[in-house]
Structures are given as C-alpha cells and as structure tokens.
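Visitor: Please pick out one part of this model and go through it closely. I am a first-year student, so spell out the reasoning at each step.

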Amino acid sequence: MYHNYFGLKEQAFSIAVNPRYLYMSQQHKEALAHLLYGVKEGGFVMLSGEVGTGKTTIIRCLLEQLPENTEIAIVLNPMSNIKELLCTICDELGIAYNRENPQTKNLTDTLQQRLLDNHKQGKNTILLIDEAQLLSAEVLEQIRLLTNLETSTKKLLQIVLVGQPELNELLAQPRLRQLSQRITARFHLTPLTLDETERYINHRLSVAGMPKDKNPFTPRIIKQIYRFTGGIPRMINVLCERTLIGAYGHNKSQIDNKIFNMARKEVEGHRQSQINAPSQQAPYILYGTLSASALIGLGIIYFMLQLIFGQSHPNDNITYAPRNGDNSAPRSSSLSPSNPTAPSLGGNRSMPSFEIPDKIKAQAILFEYLKFEISPDTHPCWQINTQGHHCGETKFETWKGVKSLNRPIVLTLINPNKFNSHAVLIGIQDKHALMIDGERKQKIITLDKLGPLWTGEVFYAWKKPKDFSEPLVYGDKGETVIEVAAQFALLDAQTSPLTKKRFNIALRDRVKLFQREHNLKDDGILGERTLMKLNESLGLSTPLKLNFQ
C-alpha cells in the first residue's frame with residue numbers, strides 16, 4: 001500500500017524474524033559471543049531479556065553458526081511436566097519411544113543412549129528451550145540431571161535456556177543452585193540506546209530498499225520514538241510501521257508530530273475499548289475466523305480512515321486533578337480515552353464506576369497518586385525508570401497477598417461486559433477498598449463487590465537499586481550489595497554496614513532475619529520482594545491506606 005510511496009521494496013518494520021533485517025548492536029554481538037563460547041564449553045548457557053529485546057534474533061544467529069555435526073532439539077513451548085518435555089525432546093531428535101505409555105526412566109535412558117551414539121560419531125547434541133521462565137523448578141532440576149552424562153573432557157548435552165527476566169529469579173532458588181552453578185555463560189539483553197535506535201531504524205529502511213534521501217524519520221522523531229518505546233526493537237517496529245502508514249495517508253514525505261502522536265495512540269491501544277464494545281452507530285460485525293493477513297488489512301484500513309478523515313472520539317480528552325488534591329479545577333490532558341458507560345453485549349448494564357478501561361491511563365493515575373513526574377507523551381513505566389523506579393506485575397489468589405505487598409496498585413478486572421479493564425486501589429480497611437476512578441475521584445468499594453471482577457493480576461511500582469537486574473545471593477558483589485548493606489545499617493542504627501563489597505555471611509543472616517520478620521521466605525536471597533519490603537521499612541515507598549472510613 002505505502003511501500004512504493006517511500007521507495008520501499010517490502011515491509012521494513014515487520015515483527016516477524018527475518019535474517020535479512022538482522023541488526024546486531026554491540027550488546028547483541030557480545031551476547032552471541034557468550035552463547036557460542038558456552039555451547040562449545042558444554043553444560044548450560046542462558047540468555048535473558050525483556051520481551052522484544054531481540055532474544056529470538058540472537059538465537060537465530062546462534063543456530064546459523066553451529067557446526068554441521070550438530071544435532072539440536074528446539075523446545076518452543078515448555079511443558080508442564082518432565083515426561084511431556086522428554087517426549088518433545090525425543091520427537092525433535094527423531095528418537096523412537098513407546099508413545100502409548102511413555103515412562104520417564106525409559107525416555108531418559110533412550111535419550112542418553114542417543115547422546116552416547118552421537119558422541120561416538122563426533123556429533124554435538126544441543127537442547128534449546130525458549131520461554132524457559134515458564135518451567136517449574138522440578139522440571140529444571142530433571143533437565144540438569146540430563147547433563148550428568150559426560151566424558152572426561154566434555155558434557156554430552158549442551159543446554160541453552162532462553163527466557164524473560166523472571167528466569168534469573170527462578171534460577172536463584174536454593175534448590176536450583178546446582179543448575180545455576182553449571183551455567184558457563186549467561187547474558188542479559190537490555191533495550192537499545194538512542195544512537196542504536198537510530199541506526200536500527202536506518203538499517204531496516206536500507207535493507208527494504210529506501211533511498212537515503214527519502215528517509216522520513218527526522219532526528220527529532222527518532223528521539224520521540226526512542227522515548228516512547230524505551231529502545232525495545234519490537235515496539236520500535238510496531239510504532240514505525242504505524243507512522244509510515246500515517247505519513248502515506250497524509251501524503252507527507254516526512255513524519256511530523258501530528259502523525260507520530262496519532263500512531264502512538266494506536267500503539268498504546270487507547271481505542272481498544274471502543275473496538276471491543278461496538279456502539280449503536282457502528283456497522284454490524286461478522287464474528288468468525290479471519291486470517292492474520294485479513295486482520296492486518298482491516299487494522300490498516302481503520303487507521304487510514306482515522307488519518308484521512310480526522311475522525312475523533314468524544315472521550316479523547318480526560319481530566320487531571322491538580323497535584324494539590326483540589327478537584328475543583330481540573331486541567332485537560334490527552335493520555336487516553338475513557339468510556340465508563342460502554343454498552344454491554346448482554347444488555348444495558350453499565351461498567352462499575354471505579355473501572356478504567358485503558359491500562360496506560362490506570363498506570364498514569366497510579367503514578368500521579370504516587371507523586372511521580374510523568375508526561376502523556378511517553379509510556380509511564382519508561383518515565384519512572386529514569387526516576388529510579390521500576391514497574392512490576394504479579395498475581396495473587398486472595399486479598400492477603402495485596403495487603404502483604406502493601407502499596408497502591410492497578411488491578412486487572414473482567415468487567416460485566418466480559419472485557420479486560422483496570423482499577424486503581426490505594427487502600428484496604430476491613431472489608432472495603434479505597435479506589436481512584438478515571439476522573440481522579442476517590443471511592444470506597446466493598447471487597448465483596450470488587451473480588452468477583454478481579455483476575456488476581458496486579459501492577460505496581462517500586463524503588464529499584466540502580467544496577468539491580470537479578471536476585472543476589474551469598475558471594476555476589478556490586479553496587480546493589482553495597483546499597484543494601486548501607487540500608488540495613490540505617491535500619492539498625494549502626495555506624496557501619498555489615499559489608500562494603502561482597503555479599504557475605506553476616507549480610508545473608510541479616511537478610512534471613514528480615515525476611516522472617518516480614519513473613520517472607522527466609523532464603524537469604526536479595527530478590528525483588530525483599531528489596532520492596534526493605535524500601536517499605538525505610539519509608540521509601542507509599543503504603544496502602546488502612547484507615548479511610
């Protein structure tokens with residue numbers, strides 16, 4: 001549609017992994033070098049990183065550079081139990097087994113025989129597991145046992161674990177310390193820098209055939225793309241694709257602020273509630289099965305109509321309450337639309353009054369309450385990261401978990417219309433919750449009314465040590481260890497910290513005592529929950545309100 005307009009031969013910003021568009025930043029090169037070294041050495045190799053940072057790209061490069069005498073089993077969807085995983089590995093390697101009644105021991109023996117046969121033939125055997133953070137500790141421990149088969153010089157099975165940052169926390173568990181110690185190479189991918197973002201965009205345009213003199217992305221727009229996406233390659237692709245469509249729709253050769261802002265809103269999903277809940281004026285929707293290409297085509301047509309005809313939504317403007325709490329003088333903003341009275345598919349039931357359809361808006365309201373400085377131009381989480389805070393998500397079964405977390409949160413709900421929505425909770429007292437609605441007004445809701453709507457998922461913010469990326473254990477060293485030791489000295493009113501360099505026994509014992517005092521698992525590991533509770537004890541976080549009636 002717009003390719004010829006910009007001189008492109010094909011889509012430059014597809015989120016599909018295409019080796020021709022491979023852009024290797026310096027850290028991607030280092031990650032690949034670590035993995036290649038680890039595979040040659042044997043044992044476990046680990047690659048972690050946030051969603052969209054390029055893990056799949058690195059793995060694709062790794063596979064292309066493996067020797068020809070390599071047999072590899074790739075597990076893309078980790079199994080819930082070891083038997084299913086072993087069956088998948090055997091399937092990948094073409095190993096015959098009893099499919100009607102597979103037994104763990106027989107599967108393991110058969111697999112180990114293949115490893116021995118491959119070794120005799122001079123072949124290397126590799127097991128690559130993607131989304132490894134989904135594996136249970138029991139399955140990971142069983143996988144470790146597969147590496148016990150070795151010669152006097154090498155392991156007969158090399159294992160590559162790829163996963164999101166939660167994988168680091170999983171491997172920090174004491175019962176998995178043997179596996180963690182066997183990891184010969186590990187690397188954590190971080191988002192691109194501003195300069196890397198510019199080179200990444202230019203690289204993809206060049207590969208797609210765009211002449212240099214037709215580049216529609218000015219340095220100013222690239223800076224805005226970086227601010228919004230936080231340097232996440234996948235987000236960059238999605239946003240750049242939307243901006244190119246917008247420029248084509250407006251017959252412009254360069255992307256301006258208007259086009260960028262409209263594309264940004266589309267990426268944020270600000271109109272998701274309008275799409276999910278058809279209004280009376282909307283045409284009938286035929287529910288059925290559409291191909292992926294058809295869905296993409298419909299999305300592009302929808303976006304083009306918005307750009308060409310300038311259609312706006314009556315709820316595009318929302319109100320902010322001033323920071324001093326004076327609700328009598330709201331000011332205008334354009335973070336996201338709010339539609340508290342969207343019609344139900346089953347009738348005329350309205351949404352709960354405290355519900356906020358848009359997740360980004362709910363996060364912004366939470367951060368305003370916490371006195372964070374945020375702008376509607378950039379994703380709230382990326383803004384608070386620059387202020388020393390970090391966004392987190394978890395799931396609880398009961399309100400007890402929320403009380404233990406003890407900080408204002410965003411709840412994920414299933415509203416009466418059967419769509420996902422969100423609510424900002426800032427206090428719990430007895431059987432009541434204190435909420436902030438989309439108009440920045442506080443409301444008291446009974447937990448009995450809120451509970452059936454809540455999915456158990458919560459979003460929160462916490463003050464993270466500057467260089468903290470994974471749980472710390474006895475023997476580690478770094479700025480986080482020094483910072484935490486100083487915080488415990490402050491908490492205990494001591495003149496000197498327990499350590500000035502390394503995570504020693506004294507600090508580990510103090511961490512265990514602290515964990516027991518706050519009903520945490522006393523494993524002596526400095527993880528996110530322990531650090532959050534330490535912030536709370538030092539008054540560095542805003543707690544839930546416990547008295548508001």
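Guide: Start with a cut-off: a residue is called buried when its relative accessible area is under 20%, and exposed when that area is over 50%. The model is predicted. The part to look at is the open sheet, which has six strands in the order β8-β13-β9-β10-β11-β12 and antiparallel pairing. Strands β8 (389-395) and β12 stand at the edges; each has a single partner strand, so one side of each is left without a neighbour in the sheet. From one strand to the next, the twist averages 35°.

Now take strand β9, residues 409-414. One of its pairings is with strand β10 (residues 420-429), in the antiparallel sense and over six bridges. Another is with strand β13 (residues 454-463), again antiparallel, over three bridges. Residue V410 shows both pairings. In β10 its bridge partner is V424, and in β13 its bridge partner is F459. Strand β9 is mostly covered, with five of its six residues buried. One general point helps when following a strand by eye: side chains in a regular strand alternate between the two faces of the sheet.

Next come the helices that lie across the sheet. Helix α14 (residues 359-369) lies across β8, β9, β10, β11 and β13, and runs at about 25° to β10. Helix α20 (residues 528-537) lies across β8 and β13, running at about 65° to β13.

F459, the partner of V410 in β13, also belongs to an aromatic cluster, in which ring pairs link F459 with F367 and F372. Over the whole structure, a search finds seven aromatic pairs. One of them is formed by W462 and F468: their ring centres are 6.0 Å apart and their planes stand at 80°, so the pair is edge-to-face. The step behind that name is a cut-off, because planes over 60 degrees apart count as edge-to-face. Both residues of this pair are buried. W462 has a relative accessibility of 1%, so it counts as buried, and F468 is buried as well, with a relative accessible area of 9%. A ring can also have a charged group over it: R508 lies over the face of Y474, at 5.0 Å from the ring centre.

Return to the edge strand β8, which carries one end of a disulfide. The bond joins C381 and C391, with the sulfur atoms 2.1 Å apart. It links distant parts of the chain, with C381 in helix α15 (residues 380-385) and C391 in strand β8, 10 residues apart. The torsion about the S-S bond of C381 and C391 is about -110°, so this disulfide is left-handed. Both C381 and C391 are buried. The count of disulfides comes to one.

At the other end of the sheet, look at the loop between β11 (432-436) and β12 (442-446), where R440 is placed. The phi angle of R440 is near 65°, a positive value in a residue other than glycine. As background, most residues other than glycine have a negative phi. The relative accessibility of R440 is 8%, and R440 therefore counts as buried, since the limit for that word is 20%.

A493 makes a useful contrast. Its phi is near 60°, also a positive value in a residue other than glycine. A493 lies in the loop between α18 (479-491) and α19 (505-517). Its relative accessibility is 67%, so A493 counts as exposed. Two positive phi values therefore come with opposite labels here: R440 is buried, whereas A493 is exposed.

To go over the sheet once more, strand β9 pairs with β10 over six bridges and with β13 over three, while β8 and β12 form the edges. Helix α14 lies across five of the strands named, β8, β9, β10, β11 and β13; helix α20 lies across β8 and β13.

Technical notes: Residues are numbered from 1 along each chain as its sequence is written. This is a predicted model: local features need pLDDT of at least 70, side-chain atom pairs count only at pLDDT 80 or more; totals for chains, interfaces and linings use all residues. Side-chain values use heavy atoms; hydrogens and water are left out. Rings of Phe, Tyr and Trp (its six-membered ring) pair if their centres lie within 6.5 Å; planes under 30 degrees apart count as stacked, over 60 as edge-to-face and the rest as tilted. Buried means under 20% relative accessible area, exposed over 50%, partly exposed in between (1.4 Å probe, protein chains only). A charge sits over a ring if NZ of Lys or CZ of Arg is within 6 Å of the ring centre and within 35 degrees of the ring normal. Helices (H or I, at least four residues) and strands (E, at least two) are DSSP runs, numbered from the N terminus. Two strands pair if DSSP finds at least two bridges between them. Axes are lines fitted to C-alpha atoms, for helices over the stretch in contact, and angles run from 0 to 180 degrees between N-to-C directions. Contact means heavy atoms within 4.5 Å. A disulfide is a pair of cysteine sulfur atoms within 2.5 Å.
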